[in-house]
Amino acid sequence: MNFTLSDEQLMFAETARNLFADSCTPEHWRKMMEVGAAHDDARWAALAENGLTLVLLPEGAGGMGLAETDFAVIAQEAGYVALPEPLVESAGVAAPMLAALAPEHEALADPSATIAIAHPLNPFVANADTAAAILLHKDGEAYVATPEQVTLTAQPSIDPFRRLFTVDWNPSRATRLGVADWDLALDRAAVFNAAMGLGLAQRAVDLAVDYAKERQQFGKPIGSYQAVKHHLASAQVAIEFARPVVAAAAAQIGRRDGYSRARVSHAKIVGLEAAEKAAQASIQVHGAMGYSWEVDVHLFLKRTVALTQTWGTPRYHRERIAVRVFGQPMGPDQTFAHETSNRELQNA
Amino acid sequence: MDLTYTPEQQAFRAGVREWLAVHVPEAPLEHFDASRAGFEAHRDWERTLKSGNWGMVTWPGEFGGRGLDLIQWLIFEEEYYRAGAPGRVNQNGIFLLGPTLIEFGSEAQKERFLPPMAAGEEIWAQAWSEPQAGSDLAGVRATAVLDGQDYVLNGHKIWSSRAVFADWAFGLFRTPGTERHKGLSLVFFPLDAPGVTVNAIKKINGHVGFAEIFLEDVRVPAFNRLGDEGQGWHICMATAGFERGLMLRSPARYQVAAAKLAELWSTHKETADPALEADVVRAYMNADAYALNIYQTALRLMAGAKIGPEASTNKIFWSELDIHLTRTALAILGPLAELTQQAPAADPVDWIDDHIFALAGPIYAGSNEIQRNIIAERMLGLPR
Ligand SMILES: Cc1cc2nc3c(=O)[nH]c(=O)nc-3n(C[C@H](O)[C@H](O)[C@H](O)COP(=O)(O)OP(=O)(O)OC[C@H]3O[C@@H](n4cnc5c(N)ncnc54)[C@H](O)[C@@H]3O)c2cc1C
């Protein structure tokens, strides 16, 4: 049992944090919003140079061949800055799927290319217009096409950095890759979205804490009032108890059984619930400022709304957990259970 | 990250399981707060545990423990709850005072107090609260005055769980003339010492679960002071860390309850509100999240960290999950919810009593309002 992040994983988190802190501040997104851009080429290039797009790619496809736990720490940092670019969907979900099907694909040769994915669970495809390749689903099989080979209809999102599209396409104009592991793609996306949720949540709390120390009413900082403290303490409790669920889910994806799928769904629900609770508390603590375009909290709220409902709604994930609760052994010896663990105990 | 138990941990689990299967009493014992007989039956169970050397597994061997690490402790607790073993009548001693004694006590004190604690021969109560000092614990007024080799204790303690039948209490006392956090000392006194009057107070379920204690010139040897004079507040906060954090509520308790809730749902789902399924699933999620969090905390502590203000997040989380869980059970039971265990139609699990007990969770061990203040000030850095 070793349920802690390794030094290497902590280092990844720090690299990502430093990189994002320099290049992805609210001023950066605000400039992008002004010109209607969803993608910052310079930032994305820096992030690719630092290897963040290669973490989950197998070594055979030029990647680092690392595991979900390694990527989850990066996703959390991406959430903390509300990173506009589709790092998670591209490098965390689509690229490894493409690599599993077509390791030689040209889109993988360029670490700064983005790849979009049309998962059957999602009605819309994020960032399809700027992608070097789009993964498409038909009857369990995967196809790949470029944006030029398909018809994209924009479906604007409340989150200015999530450019959504419906995709019409014809298999004759796409390349067939064969049967793909859509479940694995879903599990990865769910866990990384949950990790982003943790980052979004912590940022919303941190922004509110900073504000509550400065803003004065009745002659004192509002942060000295209990009602304000309790909003933020409650949000922090939600974060603290979502964090280990996300960590365990990321560590267990590889097991690919009912237990690990339930854990992934659990992570998806509570990671984003923490983000929602934190965003709401943060807006409340900021008062009318929190309701203004000028204050940064709303972007964290909007990203939270988007991530909550995509890659499986809360209802979808709750049903996956119900399958585990009502169909598999429950109880205190089952925390780290997997398909073979009860047998292992008998042999102990 | 490796989320599997080692073969040694698995073997340990199997050993605990085997021992409990042989020793756990078949019929449930009467509750330890319900009567003297129930209390003594639980004391006997503590002796049985001791006979297998399972009295307090994390303590060093010389004091009646096994010197196990926190992960082994969690495994032990998991098997304990899984087996439906009796509640620990001595939890104040073994889970709260014990670890504090190990940290702050002299060798002589450890030798004197720990082995009988592990054996169930001396059952402890916590005498901190007073009528005027609840949340504001630093306002205690009971006094301890050194007179030669003895302390003379005076004052009025209240809400001491188990004190009605217990043998000893650890109390928080003030050196006269000192104020607030200064000058407080932690002193042990026998509950049958001359000058001690214990009056039972009934809880809302009718059990004599706690007591008020009047102390009139009670003499105890200075040996009974834990730590230095004036160090009481510091020591009590360490105990409170155990209480809110890890030891008082191991996750297994809620995992068993969540499993029973899932069973209850399966039995009643034809008649219950379908929307309740989501609450049943949530109870599982909460218990699971709590377990994962505690495993991570245990591993951090084993790597040398100290429990900090995150103990307050634990306390809020377990107390709220417990209320949610038992409230869901009552909702599933519908008209059966109000039945006592004497009712022939009652569910075998006493959900209503569990719920009533759960309602105390946000009050004891420091109310949740106080825990939220601690989180806001010490974790988030908000001004006082
Ligand atoms: C079942 C049970 C078992 C107990 N066992 C023991 C025991 O074994 N030993 C022992 O010493 N004590 C015990 N207690 C007492 C317990 O520790 C106190 O009840 C608790 O600390 C609260 O103190 P109080 O009851 O005086 O409430 P008060 O302090 O009067 O508080 C009443 C209400 O006001 C709120 N409040 C008070 N101050 C603040 C503040 N600054 N900010 C916001 N809200 C505030 C509280 O949160 C609470 O909701 C037990 C209590 C219960 C219910």
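This is a dialogue on how to read some features of a predicted model with chains A and B.

Biologist: Where should I start with the contact between chain A and chain B, and how many residues does each chain give?

Modeller: The size of an interface is often given as the accessible area lost when the parts come together. Here the area buried between chain A and chain B is about 4900 Å². Carbon and sulfur atoms give 71% of that area. Chain A brings 52 residues to the contact and chain B brings 55 residues.

Biologist: Which three residues of chain A supply more of the area that chain A buries against chain B than any other three?

Modeller: They are A:Met1, A:Phe241 and A:Pro332, which supply 17% of the area that chain A buries against chain B.

Biologist: How many polar contacts and salt bridges run between the chains?

Modeller: There are 18 residue pairs in polar contact between chain A and chain B, counting pairs with both residues at pLDDT 80 or more. The salt bridges between the two chains number 5. One of the salt bridges joins the side chains of A:Glu273 and B:Arg282, at 2.7 Å from N to O.

Biologist: Which elements give two or more residues to the side of chain A that touches chain B?

Modeller: They are helices H7 (182–214), H8 (226–252), H9 (258–286), H11 (314–327) and H12 (341–347) of chain A. The largest share comes from H8(A), with 16 residues. Sorted by class, this side of chain A has 27 nonpolar, 15 polar and 10 charged residues.

Biologist: How do I read a salt bridge in terms of the parts that it links?

Modeller: Side chains of opposite charge can pair when their charged atoms come close. Over all chains the count is 39 salt bridges. Take A:Arg17 and A:Glu77, whose closest N and O atoms are 3.2 Å apart. A:Arg17 lies in helix H1 (residues 7–23) of chain A and A:Glu77 in helix H4 (residues 68–80) of chain A, so this pair ties together parts 60 residues apart in sequence.

Biologist: Is A:Glu77 buried or exposed?

Modeller: A:Glu77 is buried, with a relative accessible area of 9%. A:Arg17 is partly exposed, at 40% relative accessibility.

Biologist: Which residue of chain B does A:Asp333 meet in a salt bridge?

Modeller: A:Asp333 meets B:Arg17, with 2.9 Å from N to O between the side chains. This pair crosses between chains, from the loop between H11 and H12 of chain A to helix H1 of chain B. A:Asp333 counts as buried at 12% relative accessibility, and B:Arg17 is partly exposed at 23%. Both belong to a network of salt bridges that also links B:Arg13, B:Glu78, B:Glu79 and B:Arg82.

Biologist: What about a salt bridge within chain B?

Modeller: The side chains of B:Glu122 and B:Arg112 meet at 3.0 Å, N to O. B:Glu122 sits in the loop between helix H5 (107–118) and strand E1 (124–127) of chain B and B:Arg112 in helix H5, so the pair ties together parts 10 residues apart in sequence. B:Glu122 is buried at 14% relative accessibility, while B:Arg112 is partly exposed at 29%.

Biologist: Which residues does B:Val16 touch, leaving out those up to four places away in sequence?

Modeller: B:Val16 touches B:Trp54, B:Phe76 and B:Glu79. B:Val16 lies in helix H1 (residues 7–23) of chain B and is buried, with a relative accessible area of 1%. The C-alpha atoms of B:Val16 and B:Glu78 are separated by 9.7 Å, although these residues are 62 residues apart along the chain.

Biologist: Why is strand E4 of chain A described as largely enclosed?

Modeller: All 5 of the 5 residues of strand E4 (residues 141–145) are buried, so the strand is largely enclosed by the rest of the structure. One side of E4(A) has A:Glu141, A:Tyr143 and A:Ala145, and the other has A:Ala142 and A:Val144.

Biologist: Which strands pair with E4(A)?

Modeller: Strand E3 (residues 133–138) of chain A pairs with E4(A) in the antiparallel sense over 5 bridges, and A:Leu136 has A:Tyr143 as a bridge partner. Their hairpin has 2 residues between the strands, and A:Asp139 takes a positive phi near 50 degrees there. Strand E7 (residues 175–179) of chain A is joined to E4(A) by 4 bridges, also antiparallel. A:Val179 in E7(A) is the bridge partner of A:Glu141.

Note on methods:
Residues numbered from 1 in each chain as written. Chains lettered and ligands numbered in written order. Predicted model: local features only at pLDDT ≥ 70, side-chain atom pairs only at ≥ 80, totals over all residues. Heavy atoms only, no water. Contact = heavy atoms within 4.5 Å. Buried area = accessible area lost by both parts, 1.4 Å probe. Salt bridge = Lys/Arg side-chain N within 4 Å of Asp/Glu carboxyl O. Polar contact = N/O pair within 3.5 Å; in protein donor to acceptor, adjacent residues only side chain to side chain. Nonpolar A, V, L, I, M, F, W, Y, C, P; charged D, E, K, R; others polar. Buried < 20%, exposed > 50% of the residue type's maximum accessible area, 1.4 Å probe, protein only. Pairing = 2+ DSSP bridges.
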